Amino acid sequence: MWLKRPTHHRAVHEFRDAAESGDAERLSALLDPEVAVVVDSGDRQHPAIRVVRGAYEAVALLMHGMAARSGVVIEERAVNAQAGLMLNRGDEAVAAMTVDFTGGLISVVWIRLQPVQLRHWNEV
């Protein structure tokens with residue numbers, strides 16, 4: 001079941017807030033127990049995709065990647081025409097994230113790395 005647009009935006013905001021604040025319990029409550037986090041390096045010469053499955057492993061990966069750190073800003077933005085997140089370091093896009101839901105819980109988190117390919121996303 002797809003979440004309607006305003007609900008999707010609120011859920012992505014809640015996801016960001018829980019991960020960025022380091023609230024593992026709240027983040028875990030947002031995830032389907034069988035959640036998958038797919039990380040695509042975006043490297044054309046050495047492509048790599050890593051898939052982490054299960055809420056426990058997903059929470060560890062997401063909290064590490066989204067932890068508040070100096071110089072990194074997480075913005076809620078449209079990514080692939082849906083509510084998503086952009087991780088930026090200064091003017092450089094570090095990653096784009098989208099979130100899929102099943103039954104109101106996060107079922108898949110898609111993370112696309114590769115600053116070279118993402119650097120023009122923020123330009124109009």
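A residue counts as partly exposed when its relative accessible area falls between the buried limit of under 20% and the exposed limit of over 50%. At 30% relative accessibility, Arg 112 lands in that middle class. Arg 112 comes up again below, once the fold around it has been laid out. Everything here is read off a predicted model.

Let's start with the overall layout. The protein chain holds 4 helices and 6 strands, and going along the sequence these follow the pattern α-α-β-β-α-β-β-β-β-α. Of its 124 residues, 40% are buried. The surface left exposed by the chain comes to about 7,400 Å², with carbon and sulfur atoms supplying 55% of that area. As for contacts with a separation of 6 or more, 46% of them are between residues 24 or more positions apart.

The strands make up one open sheet of 6, with mixed pairing and the order S2-S1-S6-S5-S4-S3. At the edges sit strand S2 (49-53) and strand S3 (72-79), each of which pairs on one side only. From one strand to the next, the twist averages 20°. Helix H3, covering residues 55-66, packs on this sheet and touches S1, S2, S3, S4, S5 and S6. The direction of H3 makes about 50° with that of S1.

Strand S6 (residues 105-113) deserves a closer look, as its two pairings go opposite ways. With strand S1 (residues 31-40), S6 runs parallel, and 6 bridges join the two. Within this pairing, Ala 36 has Val 108 as its bridge partner, and Val 37 stands opposite Val 109. With S5, on the other hand, S6 runs antiparallel, this time through 8 bridges. Pairing of either kind works through backbone hydrogen bonds between the strands of a sheet. S5 and S6 also form a hairpin, with 2 residues between them. Thr 102 stands opposite Leu 105 of S6, and in the turn Gly 103 takes a positive phi of about 60°.

Two consecutive residues of this region show how S6 is surrounded. Ser 107 is found in strand S6 and, at a relative accessible area of 14%, is buried, because the limit for that class is under 20%. Neighbours within four places in sequence aside, Ser 107 is in contact with Asp 32, Val 35, Ala 36, Asp 100, Phe 101 and Thr 102. Ile 106, with residues up to four places away again left out, touches Phe 15, Leu 30, Leu 31, Asp 32, Val 35, Val 99, Asp 100 and Phe 101.

Ile 106 also matters for the nonpolar interior. The largest nonpolar core has 28 residues, and those touching the most other members are Phe 15, Leu 62, Met 97 and Ile 106. Two or more residues of this core come from each of helix H1 (5-21), helix H2 (24-30), S1, H3, S4, S5 and S6. As a general background point, nonpolar side chains tend to be buried together in soluble globular proteins.

Now for the charged side chains. A search of the whole structure turns up 7 salt bridges. One of them joins Arg 16 to Glu 20, whose closest N and O atoms are 3.2 Å apart. Both residues belong to helix H1 and sit 4 residues apart, so about one helical turn separates them. Glu 20 is partly exposed, with 25% relative accessibility.

Asp 17 forms a salt bridge with Arg 26, and here the closest N and O atoms are 2.9 Å apart. Both partners are partly exposed: Asp 17 has 32% relative accessibility and Arg 26 has 24%. This pair does not stand alone, as Glu 14, Asp 17, Asp 23 and Arg 26 are linked in a network of salt bridges.

That brings Arg 112 back into the picture. Its side chain meets that of Asp 40 in a salt bridge, at 2.7 Å from N to O. Asp 40 lies in strand S1 and Arg 112 in strand S6, so this contact ties together parts of the chain that are 72 residues apart in sequence. The two strands in question are the parallel pair described above.

Terms used: Residues are numbered from 1 along each chain as its sequence is written. This is a predicted model: local features need pLDDT of at least 70, side-chain atom pairs count only at pLDDT 80 or more; totals for chains, interfaces and linings use all residues. Side-chain values use heavy atoms; hydrogens and water are left out. Two strands pair if DSSP finds at least two bridges between them. Axes are lines fitted to C-alpha atoms, for helices over the stretch in contact, and angles run from 0 to 180 degrees between N-to-C directions. Contact means heavy atoms within 4.5 Å. Buried means under 20% relative accessible area, exposed over 50%, partly exposed in between (1.4 Å probe, protein chains only). Accessible areas come from the Shrake-Rupley method with a 1.4 Å probe; for residues, only the protein chains shown count as cover. A nonpolar core is a set of buried Ala, Val, Leu, Ile, Met, Phe, Trp, Tyr and Cys residues joined through side-chain atoms within 4.5 Å. A salt bridge is a side-chain nitrogen of Lys or Arg within 4 Å of a carboxyl oxygen of Asp or Glu.
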